[in-house]
Amino acid sequence: MRTAAVLARHELRLLVSLLRWLARRPDSGGGQAFGYARGQGAVMAGFWFVCAVETFAMAVLLRNWPTAHRVVLVLDLYTLLFVAGLYAAWTVRPHLLHDDVLRVRQAAHVDLRVPLDRIAAVRRETRTTHGRADGELNLPVGSRTTVTLELTAPLPHFTLLGRRRDVTLIRLHADDDRALADAVTRARSGSSLRSDRPR
């Protein structure tokens with residue numbers, strides 16, 4: 001039952017993202033936004049077109065079986081909505097940098113708050129292969145990550161279905177990796193100055 005509720009919330013976030021995308025209202029949350037979906041529009045549009053063709057083909061093939069036709073049509077239309085919502089979530093849910101935290105996001109299923117004082121190092125690093133390893137969180141887009149964050153201590157990350165993983169290394173993708181790395185470096189310096197200031 002809990003899994004069904006988690007998946008329903010995820011689907012709702014996709015739907016909200018689609019509405020935000022149509023209204024051109026990204027979920028910036030008052031922070032400095034760094035997108036990661038540039039270049040994925042054509043790929044997702046191609047995938048959506050293939051799904052649309054498959055929907056039409058199945059409708060033709062199942063026209064003599066009305067019940068099967070209706071069931072498959074609902075599933076195919078849901079798939080089209082899901083693909084559109086996924087791309088919308090990539091677009092309207094960017095990474096966000098605030099004064100004391102970096103929100104690392106990916107579509108509707110990852111939203112990890114990384115306190116700036118937990119970041120030991122940030123570097124630009126393009127990687128196209130990402131093996132599974134303990135303590136690492138890889139968030140590629142198009143099989144690529146461009147920024148690596150090393151943490152001073154393990155940070156809990158919960159997967160979509162609620163499984164906890166402690167991570168000390170985060171790899172993510174940003175359209176402008178230089179701007180993100182520089183902004184995080186500056187924000188970390190400012191955060192350190194504020195924390196050292198006497199109260």
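The following exchange examines how several descriptive terms apply to this predicted model.

User: Why is Arg93 called buried?

Analyst: Arg93 has a relative accessibility of 10%, and buried means under 20%, so Arg93 counts as buried. Arg93 is placed in the loop between α3 (66-92) and β2 (95-97).

User: What makes the approach of the Arg93 side chain to the backbone oxygen of Ala107 a polar contact?

Analyst: The side chain of Arg93 reaches that oxygen of Ala107 at 2.6 Å, and the cut-off for such a pair of N or O atoms is within 3.5 Å. Ala107 is also among the residues that Arg93 touches, including Arg13, Asp27 and Tyr36.

User: Why is the pair of Trp21 and Tyr87 called edge-to-face?

Analyst: The search of the whole structure finds two aromatic pairs. In the pair of Trp21 and Tyr87, the centres are 5.8 Å apart and the planes stand at 90 degrees. Centres within 6.5 Å count as a pair and planes over 60 degrees apart as edge-to-face, so both conditions are met. Trp21 lies in helix α1 (residues 2-23) and Tyr87 in helix α3, 66 residues apart.

User: What makes the pair of Tyr78 and Phe82 tilted?

Analyst: The angle between the planes of Tyr78 and Phe82 is 40 degrees; stacked requires under 30 and edge-to-face over 60, so this pair is tilted. Both residues lie in helix α3, four residues apart.

User: How do you know that Tyr78 is partly exposed?

Analyst: The relative accessibility of Tyr78 is 41%, which lies between the limits of 20% and 50%, so the residue counts as partly exposed.

Technical notes
Residues are numbered from 1 along each chain as its sequence is written. This is a predicted model: local features need pLDDT of at least 70, side-chain atom pairs count only at pLDDT 80 or more; totals for chains, interfaces and linings use all residues. Side-chain values use heavy atoms; hydrogens and water are left out. Helices (H or I, at least four residues) and strands (E, at least two) are DSSP runs, numbered from the N terminus. Buried means under 20% relative accessible area, exposed over 50%, partly exposed in between (1.4 Å probe, protein chains only). A polar contact is a pair of N or O atoms within 3.5 Å; within protein, one must be able to donate a hydrogen and the other to accept it, and residues adjacent in sequence count only if both atoms are side-chain atoms. Contact means heavy atoms within 4.5 Å. Rings of Phe, Tyr and Trp (its six-membered ring) pair if their centres lie within 6.5 Å; planes under 30 degrees apart count as stacked, over 60 as edge-to-face and the rest as tilted. Lists of a residue's contacts leave out its neighbours within four places in sequence.
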